[in-house]
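Hi there,

Here is the structure I promised to pass on to you. Have a look at it first, and then read my notes below.

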Amino acid sequence: MSNEELAYDLSPLLKVYKDGRVERLKGTDIAPPSTDPKTGVQSKDVVISQEPAISARLYIPKSTTTSSPQTKLPLLIYFHGGGFCIESSSSPVYHNYLNALVSETNVVAVSVDYRLAPEHPLPAAYEDSWAAFKWVASHSDGNGSEDWLNSFADFQRVFFYGDSAGGTLAHNMALKVGCEGLAGVNLIGIVLVHPYFWGTEPVGEESTSTAAGPGGEFISALWRFACPSSSGSDDPLINPAKDPKLGELGCEKVLVCVAEKDVLKDRGWHYSETLKKSGWNGAVEVIEAAGEEHSFHLGDPTCDNAVAMKKKIVAFLN
């Protein structure tokens with residue numbers, strides 16, 4: 001057997017060869033933690049668990065070193081995207097984005113580094129994300145292992161934010177908070193940017209858009225690849241509309257951001273509509289960026305639509 005024979009080709013994300021080798025085609029670059037010269041935001045990496053291997057990158061804004069006495073700041077838990085298969089909390093695109101976001105929102109942020117498929121098939125990323133949040137919550141009494149969280153984070157003002165697959169994780173973690181609770185923390189809201197939701201039945205304009213062709217086929221195939229034990233695209237882990245517990249979402253407000261040319265756009269709108277009918281008594285808002293593709297705000301964070309989206313998120317977090 002040639003070592004170039006493919007078992008899976010999920011370009012442009014990754015390829016898996018029949019000899020078991022995984023070749024990630026993007027999302028492998030690393031940016032070290034730092035004090036950002038532009039914003040003054042400080043970051044550092046922490047190990048949450050050795051086995052399984054879970055870590056996070058923590059961020060604090062410049063105000064934590066300049067204002068006295070210190071006021072506790074809202075706490076943002078960030079879940080990165082990448083189809084559950086690529087990227088990390090150390091990826092330059094996320095490091096740069098969070099430096100800017102933390103500076104503009106004046107929050108403490110924890111960017112979760114969960115294990116990736118296929119080496120660690122789903123639901124590993126879901127389990128890691130919950131373990132990370134429990135670790136964060138262990139600081140709510142001010143006696144945790146990480147001083148930045150003890151000193152600067154207000155555990156009564158907690159938010160989740162995730163993009164793409166990270167949006168899926170943010171929703172599921174908020175649902176777990178609502179169903180199971182977590183002492184010492186108050187989850188106020190979640191931000192879902194281009195969330196990776198799917199399903200077998202078309203919604204919105206999916207039957208006539210790229211979702212009906214290769215775009216939708218890729219979304220389905222990627223889910224089956226990342227979560228081989230799943231029942232499919234109607235698994236509540238990726239299709240909240242099929243979750244009987246949706247109405248128990250554990251926050252009071254939700255902001256969903258979608259992009260007009262994103263194959264996942266209609267799922268974001270459908271999530272909002274389903275949530276409103278679920279018995280959940282919070283407020284949900286959807287904003288759509290005209291003419292934009294999936295994750296456009298990461299590729300071009302200074303474009304008009306990205307700036308407008310961030311302005312909306314800043315207001316939501318404050």
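**Helix 2 and its surroundings**

N99 is buried, with a relative accessible area of just 3%; buried stands for under 20% relative accessible area, exposed for over 50% and partly exposed for anything in between, with a 1.4 Å probe and protein chains only. Before I go on, please note that this is a predicted model, in which local features need pLDDT of at least 70 and side-chain atom pairs count only at pLDDT 80 or more, while totals for chains, interfaces and linings use all residues. Residues are numbered from 1 along each chain as its sequence is written, and side-chain values use heavy atoms, with hydrogens and water left out.

N99 sits in helix 2; helices (H or I, at least four residues) and strands (E, at least two) are DSSP runs, numbered from the N terminus. Leaving aside neighbours within four places in sequence, N99 is in contact with D36, T39, V41 and Y59, where contact means heavy atoms within 4.5 Å.

Which helix does helix 2 pack with, and at what angle? Helix 2 (residues 92-105) packs with helix 9 (residues 304-317) at about 50 degrees, and their axes are 10 Å apart. The axes are lines fitted to C-alpha atoms, for helices over the stretch in contact, and angles run from 0 to 180 degrees between N-to-C directions. That makes helix 2 oblique to helix 9; angles under 35 degrees count as roughly parallel, over 145 as roughly antiparallel, 65 to 115 as roughly perpendicular and the rest as oblique. The crossing of helix 2 past helix 9 is right-handed (the near helix is turned clockwise from the far one by less than a right angle; anticlockwise would be left-handed).

On the helix 2 side, the contact is made by Y97, A100, L101, E104 and T105, and helix 9 brings M309, K310, I313, V314 and L317. Sorted by class, this contact of helix 2 with helix 9 has seven nonpolar, one polar and two charged residues. Here Ala, Val, Leu, Ile, Met, Phe, Trp, Tyr, Cys and Pro count as nonpolar, Asp, Glu, Lys and Arg as charged, and the others, Gly among them, as polar.

Just after helix 2 there is a backbone detail for you: N106, in the loop between helix 2 and strand 7, has a positive phi of about 55 degrees although it is not a glycine. At 29% relative accessibility, N106 counts as partly exposed.

**Aromatic pairs**

How many aromatic pairs does a search of the whole structure find? The search finds 12; rings of Phe, Tyr and Trp (its six-membered ring) pair if their centres lie within 6.5 Å, and planes under 30 degrees apart count as stacked, over 60 as edge-to-face and the rest as tilted.

One of them joins Y97 and Y161: the ring centres are 6.2 Å apart and the planes stand at 85 degrees, so the pair is edge-to-face. This pair links distant parts of the chain, with Y97 in helix 2 and Y161 in strand 8 (residues 153-163), 64 residues apart. Y97 is buried at a relative accessible area of 5%, and Y161 counts as buried at 0%. Together with Y78 and Y94, these two tyrosines form one aromatic cluster.

The rings of F197 and Y271 have their centres 5.0 Å apart and their planes at 25 degrees, so this pair is stacked. F197 lies in the loop between strand 9 (187-193) and helix 6 (214-226) and Y271 in helix 7 (residues 265-276), so the pair ties together parts that are 74 residues apart in sequence. Both F197 and Y271 are buried.

**Around helix 7 and the loop before helix 6**

R267 also belongs to helix 7 and counts as buried, at 4% relative accessibility. Not counting residues up to four places away in sequence, R267 touches F197, W198, G199, E201, P202, V203, E206 and N239.

H194 lies in the loop between strand 9 and helix 6. Although not a glycine, H194 has a positive phi of about 50 degrees, and at 1% relative accessibility this residue counts as buried.

**Two cis peptide bonds**

A cis peptide bond joins S11 and P12, with omega about 15 degrees; P12 is in the loop between strand 1 (6-10) and strand 2. The peptide bond from L122 to P123 is cis as well, with omega near 15 degrees, and P123 lies in the loop between strand 7 (108-113) and helix 3 (124-137).

Happy browsing, and best wishes!
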